[in-house]
Amino acid sequence: MIYFAKLLLSCRRGSSAVEFAIIAPLFLMIFLSMIGYGIYLSAATSVQQMTEDAARAAIAGLDKIERQQLASDYIASAARDRPFIDPARLSVRVTESDAVAEQLIIQIDYDAETLPIWHLFTHAMPQSRTITRRSVVRLGGI
């Protein structure tokens, strides 16, 4: 009996399986978190880029209504080409700054509820499921 106990304690053949069982869940959680944040940052970058480009498009408008229309049209066409953006979940707001004259503010709010990252087995996800980005451009010259 003592010989069997010594043999069992000195055997190392299953140590790799035990180490894998300890490390695998942590590795899987880190890996899924990296994928989730990659998708989230891709969507956030797309929203930011659309906001900046919509501001450039809207500056050509002659009045507030035309600027709103130009920004909305640009975002509607650009959102179709973005992989993680659902055009139906975008809201666009075009305003002129009250604090500083001659500034146009474009804000896009994107409801990221349908992104696949919220169902991953991980706890390290962003708190807000709404991505809000804003871009400010100056109207007219200097």
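What follows is a chat between a visitor and a guide about how the labels on this predicted model are earned.

Visitor: What makes the protein chain more spread out than a compact globule?

Guide: Start with the layout: three helices and three strands, running α-α-α-β-β-β from the N terminus. The radius of gyration is 26 Å, while the globule rule gives 14 Å for 142 residues, so the chain counts as more spread out than a compact globule. The C-alpha trace spans about 95 × 30 × 20 Å along its principal axes. Buried residues make up 30% of the chain.

Visitor: Which aromatic pairs are there, and how do you know that F27 and F31 are stacked?

Guide: The structure holds two aromatic pairs. In the one formed by F27 and F31, the ring centres are 6.2 Å apart and the planes 15 degrees apart. Pairing needs centres within 6.5 Å, and stacking needs planes under 30 degrees apart, so both tests are passed.

Visitor: Why are F27 and F31 separated by about one helical turn?

Guide: Because they sit four residues apart in helix α2, which covers residues 15-58.

Visitor: Why is F27 called exposed, but F31 partly exposed?

Guide: F27 has a relative accessible area of 56%, and exposed means over 50%, so the label fits. F31 comes in at 38%, between the 20% and 50% cut-offs, so it is partly exposed.

Visitor: What makes the Y40 and W118 pair edge-to-face?

Guide: Their centres are 6.3 Å apart, with 75 degrees between the planes. Edge-to-face asks for over 60 degrees, so this pair qualifies.

Visitor: Which parts does that pair tie together?

Guide: Y40 lies in helix α2, and W118 in the loop between β2 (103-111) and β3 (130-138), so the pair ties together parts that are 78 residues apart in sequence.

Visitor: How do you know whether Y40 and W118 are buried or exposed?

Guide: Check the relative accessible areas: 12% for Y40 and 13% for W118. Buried means under 20%, so both residues get that label.

Visitor: What makes F27 and F31 part of a nonpolar patch on the surface?

Guide: Patch residues need over 30% relative accessible area. F27 has 56% and F31 has 38%, so each clears that cut-off. Among the other members are V18, I22, M34 and I35, and the patch has about 990 Å² of accessible area together. I23, another member, is found in helix α2 as well.

Visitor: And how much accessible surface does the whole chain have?

Guide: About 9,600 Å², with 62% of that belonging to carbon and sulfur atoms.

Terms used. Residues numbered from 1 in each chain as written. Predicted model: local features only at pLDDT ≥ 70, side-chain atom pairs only at ≥ 80, totals over all residues. Heavy atoms only, no water. Phe/Tyr/Trp six-rings, centres within 6.5 Å; stacked < 30°, edge-to-face > 60°. Helix = DSSP H or I, 4+ residues; strand = E, 2+ residues; numbered from the N terminus. Buried < 20%, exposed > 50% of the residue type's maximum accessible area, 1.4 Å probe, protein only. Patch = residues over 30% accessible without salt bridge, like charges linked within 9 Å, V, L, I, M, F, W, Y side chains within 5 Å. Areas by Shrake-Rupley, 256 points an atom, 1.4 Å probe, with all protein chains shown as cover. Salt bridge = Lys/Arg side-chain N within 4 Å of Asp/Glu carboxyl O. Rg over C-alpha atoms; globule rule 2.2 N^0.38 Å.
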